[in-house]
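Got your viewer open? Keep the selection box handy, and we'll go from stop to stop.

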Amino acid sequence: SNPAPIAAAKGPLMPRIETVADLPEYTIFRPEQLAGAKRPIVVWANGGCSKNGTLFARFLLEIASHGFVIVAYGTPNGSGMSALTTNGEPQIKAMDWIVKENERPCSPYYQQLDTSKIAAMGQSCGGLMTLGASADARLTTVVIWNSGLLESDDKIYAGLHAPMAYFIGGPDDVAYPNAESDFGKIGKVPVFYANAPVGHLATYTQENGGEFAGVGIGWLKWQLYGDQTATGKGMFSGADCELCKNSMWTIKKKNMD
């Protein structure tokens, strides 16, 4: 929806987009340079149940430029839609592949990844897929963007085991009541729940992914890199967290300070 050229990423690493023959239904966003640090992993599913792997290119390139390897469901500029489901299969398949690549000697990812640090994320329909994958023991964190279960599912809630964040577009976001319901029913894991009045499509198509990319990078830096600074943990933790002081955001927390 944004025909303008994609701006250079703001992160310290040059990002790239690639595809691989043995994972044909996916698009990979990653730093050009993999060596130098073990890179955490993100598995992503699109809004609209879309199989277009570059639909969120601005947002995902910006995240990749901060040192994350992202396996996104869908081919570059792909067409078609997957089923509206909470089975989590697309992201579980992505995890299976990338974890194996870290152990395959001929892979460019060989021993370059931190397979103990994996996030599942998705927007709208992709958020439902993310919730469906959330019980996977390999996950370090789960991030839901403009989404929430269409109907409460005690099995999914019971399977949650990792810290979660919900980033929603405020009361005008069609997913707002679903996210509110999820937040009320999640009982045993830390949950950071944040709303900004930007609606269901949020800021993903803005330059560098806009405000939503910034908060997503902060959450991932904290959860996957252990960043304790104001651009990591400090954005979310404590009564005076950076987003707590940001008038754009309305914050609620559960099972965390």
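Between which two elements does the loop holding Asn77 run? Select Asn77 and follow the backbone both ways: β4 (69-73) lies on one side and α2 (89-101) on the other. Keep in mind that this is a predicted model. Now check the backbone torsion: phi of Asn77 is near 55°, a positive value in a residue that isn't glycine. Most residues other than glycine have a negative phi. Turn on the surface too, and you'll find Asn77 exposed, at a relative accessible area of 68%.

Next, jump to Ala202. Here phi is again positive, about 50°, and again the residue is no glycine. This one sits in the loop between β8 (191-195) and α6 (210-225). Is Ala202 buried or exposed? It is buried, because its relative accessible area is 15% and the cut-off for buried is under 20%.

**Zoom out**

Show the whole chain as a cartoon. You should be able to count 6 helices and 9 strands. Along the principal axes, the C-alpha atoms fill a box of roughly 45 × 40 × 35 Å. The radius of gyration is 17 Å, which agrees with the value near 18 Å for a compact globule of 257 residues. Colour by burial and 54% of the 257 residues come out as buried. If you draw a contact map, look away from the diagonal: of the contacts with a separation of 6 or more, 67% are between residues 24 or more positions apart.

Switch to the surface for a moment. Its accessible area is about 10500 Å², with carbon and sulfur atoms contributing 53%. Colouring by charge brings up 21 positive and 24 negative side chains, and the centres of the two sets are 4 Å apart.

**Into the interior**

Select helix α1, residues 57-64. How many of its 8 residues are buried? The count is 8 of the 8, so the helix is largely enclosed by the rest of the structure. Show the side chains and you'll see that the buried set includes Arg58 and Glu62 alongside Phe59, Leu60, Leu61 and Ile63.

Then move to helix α3 (residues 125-133) and pick Thr130. Its relative accessible area is 0%, so it is buried. What packs around it? Skipping neighbours within four places in sequence, Thr130 contacts Gln91, then Ala120, Met121 and Gly122, and finally Val142, Val143 and Ile144.

**The cysteines**

Select every cysteine and show sticks. There are 2 disulfides to find. Start with Cys49 and Cys125, whose sulfurs are 2.0 Å apart. The link is right-handed, with 100° about the S-S bond. Cys49 belongs to the loop between β3 (39-45) and α1, while Cys125 is in helix α3, so this pair ties together parts that are 76 residues apart in sequence. Both ends are tucked away: Cys49 is buried at 5% relative accessibility, and Cys125 is buried at 4%.

The other bond joins Cys241 to Cys244, also with an S to S distance of 2.0 Å. It is right-handed, at 85° about the S-S bond. How accessible are the two ends? Cys241 is buried at 0%, whereas Cys244 is partly exposed at 28%. Numbered in sequence order, the bonded cysteines pair as 1-2, 3-4.

For a last stop, click on Cys106. At 70% relative accessibility, this cysteine counts as exposed.

How values were computed:
Residues are numbered from 1 along each chain as its sequence is written. This is a predicted model: local features need pLDDT of at least 70, side-chain atom pairs count only at pLDDT 80 or more; totals for chains, interfaces and linings use all residues. Side-chain values use heavy atoms; hydrogens and water are left out. Helices (H or I, at least four residues) and strands (E, at least two) are DSSP runs, numbered from the N terminus. Buried means under 20% relative accessible area, exposed over 50%, partly exposed in between (1.4 Å probe, protein chains only). Contact means heavy atoms within 4.5 Å. The radius of gyration is taken over C-alpha atoms; the globule rule is 2.2 Å times the number of residues to the power 0.38. Accessible areas come from the Shrake-Rupley method with a 1.4 Å probe; for residues, only the protein chains shown count as cover. Lys and Arg count as positive and Asp and Glu as negative; His and the chain ends are not counted. The place of a charge is taken as NZ of Lys, CZ of Arg, CG of Asp or CD of Glu. A disulfide is a pair of cysteine sulfur atoms within 2.5 Å.
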